[in-house]
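Here is a quick tour of how some helices sit against each other. Have a look at the picture, then read on.

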Amino acid sequence: MRRVFRSLASFNYRVWAAGALVSNIGTWMQRAAQDWLVLTQLTQHSASAVGIVMALQFGPQLLLMPWTGYAADHFNQRKLLMATQATMGALALNSTSFNAARMIGPAVAGLIIASVGTGWAFLFNGASFLAVLTSLTLLRTSELRPNARAHRTKGSVMQGFHYVWSRPDLRATLIMLFLIGTFGLNFPIFISTMAVGVFHTDARGFGLLSSIMALGTMSGALLAASRDQPRFASLTLGSAIFGLGCTLAALAPNYWLFAAALVVIGVAALTVTNTSNALMQLSTEPAMRGRVMALRLGVALGGTPIGAPIVGWVADHLGPRWALGVGAAAGFAAAIVAITFLSQRDVEASDLPPAVKR
């Protein structure tokens with residue numbers, strides 16, 4: 001357990017984590033309220049509408065990807081975070097981020113929706129960004145580690161693309177993320193349509209399903225934290241288990257077996273996202289890290305505008321179980337990409353960066 005929570009030894013990390021937890025609870029309260037609002041109140045149980053909302057929500061991240069990476073490499077990250085968090089809190093209370101705190105947020109949102117309506121969940125999310133701003137203000141700047149700044153040169157944005165394309169390991173990782181992020185990480189559609197259309201639950205049952213899946217995501221996060229080094233084999237296994245979990249969820253005959261399958265999906269999803277994040281950060285040159293990680297985020301979430309409407313259409317016309325089948329196919333396809341990379345790589349393991357060795 002000491003190894004799992006060793007990051008909490010840092011004061012700055014403890015302060016940041018506390019503020020982020022409050023903000024992320026608000027984020028997931030809004031996410032749950034938003035999905036329920038679109039599916040049950042604004043439409044007649046239209047999964048396609050939920051998919052379109054998701055596409056509009058994540059589309060800007062894809063469009064702005066080159067500039068976000070450039071900013072991360074060239075500007076002060078602490079001040080940049082303060083500016084972005086302040087902006088997110090000041091918008092029309094509908095900005096979200098894809099982070100943790102899924103266990104508390106959706107469950108509380110389900111109770112709030114049933115008691116006073118969806119609007120209060122949006123209000124809490126807007127106020128919760130103050131917690132992140134407070135934590136950033138309290139950081140001990142003397143303990144922050146300065147990163148090497150990239151030099152501003154013509155074509156520096158494209159350097160990130162060229163850097164990733166020249167690395168077979170990064171290329172394979174991004175392809176896997178695209179497959180799972182585009183067609184697999186559509187939980188608002190999967191959970192809401194199964195809850196309403198198949199198991200006929202109310203807002204409380206819907207929120208509980210999201211929180212149960214969070215048991216898996218938290219377990220996956222703790223497992224990732226316990227590893228000394230991320231390994232490509234973990235990414236491969238996580239993708240295969242994600243496909244298996246989606247298959248079990250699609251075939252689940254009742255509410256509780258479906259909930260159990262969501263735990264498996266949660267473990268696998270966090271294994272894939274956390275391992276890919278660690279692999280790409282540890283094996284990337286510091287001066288290129290901002291652009292590479294922006295590309296990773298753009299690929300992982302930027303595919304949502306493509307995949308969410310497709311998955312929503314499948315749920316509307318073929319049924320929620322078939323939509324989960326699309327997620328299963330994405331997981332298995334990502335595993336095949338990983339196996340292909342491991343079997344066809346042109347360099348020996350000793351020549352690879354330490355983070356991508358098996």
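## Helices side by side

α11 and α15 run roughly antiparallel to each other. Keep in mind that this is a predicted model. Helix α11 covers residues 232–251 and helix α15 covers residues 320–344, and their axes come within 8 Å, crossing at roughly 160°. An angle over 145 degrees counts as roughly antiparallel, so that label fits this pair. The crossing of α11 past α15 is left-handed. As for who takes part, the contact between α11 and α15 has 17 nonpolar residues, seven polar ones and one charged one.

Now for α12, which is worth a look on its own. How far apart should the ends of helix α12 be, given 1.5 Å a residue? Its 28 residues (255–282) should span 40 Å, and the end C-alpha atoms are indeed 40 Å apart, so the two agree. At the N-terminal end of α12 there is a cap, Asn254: one of its side-chain oxygens lies 3.2 Å from the backbone nitrogen of Trp256.

α12 also has a partner, helix α13 (residues 289–302); the two axes come within 10 Å and cross at roughly 155°. That makes α12 and α13 roughly antiparallel, too. Their crossing is right-handed. On the α12 side, the contact is made by Thr273, Ser276, Asn277, Met280 and Gln281, while α13 brings Arg289, Val292, Met293 and Arg296. Sorted by class, the residues where α12 meets α13 are three nonpolar, four polar and two charged.

The last pair is α9 (residues 187–198) with α14 (residues 304–317), packed at an angle of about 15° with axes 10 Å apart. So α9 is roughly parallel to α14. This crossing is right-handed. Ile189, Phe190 and Thr193 of α9 touch Ala308, Val311, Gly312 and Ala315 of α14. Five of the residues in the contact of α9 with α14 are nonpolar and two are polar, with no charged ones. The spacing along each helix has a simple background: an α-helix has 3.6 residues a turn, so residues three or four places apart point the same way.

Here are the three pairs in one place.

| Helix pair | Angle | Axes |
|---|---|---|
| α11 and α15 | roughly 160° | within 8 Å |
| α12 and α13 | roughly 155° | within 10 Å |
| α9 and α14 | about 15° | 10 Å apart |

Technical notes: Residues numbered from 1 in each chain as written. Predicted model: local features only at pLDDT ≥ 70, side-chain atom pairs only at ≥ 80, totals over all residues. Heavy atoms only, no water. Axes fitted to C-alpha atoms, helices over the stretch in contact; angles between N-to-C directions. Helix = DSSP H or I, 4+ residues; strand = E, 2+ residues; numbered from the N terminus. Parallel < 35°, antiparallel > 145°, perpendicular 65-115°, else oblique. Left-handed = near helix turned anticlockwise from the far one by under 90°. Contact = heavy atoms within 4.5 Å. Nonpolar A, V, L, I, M, F, W, Y, C, P; charged D, E, K, R; others polar. Expected span 1.5 Å × (residues − 1). Polar contact = N/O pair within 3.5 Å; in protein donor to acceptor, adjacent residues only side chain to side chain.
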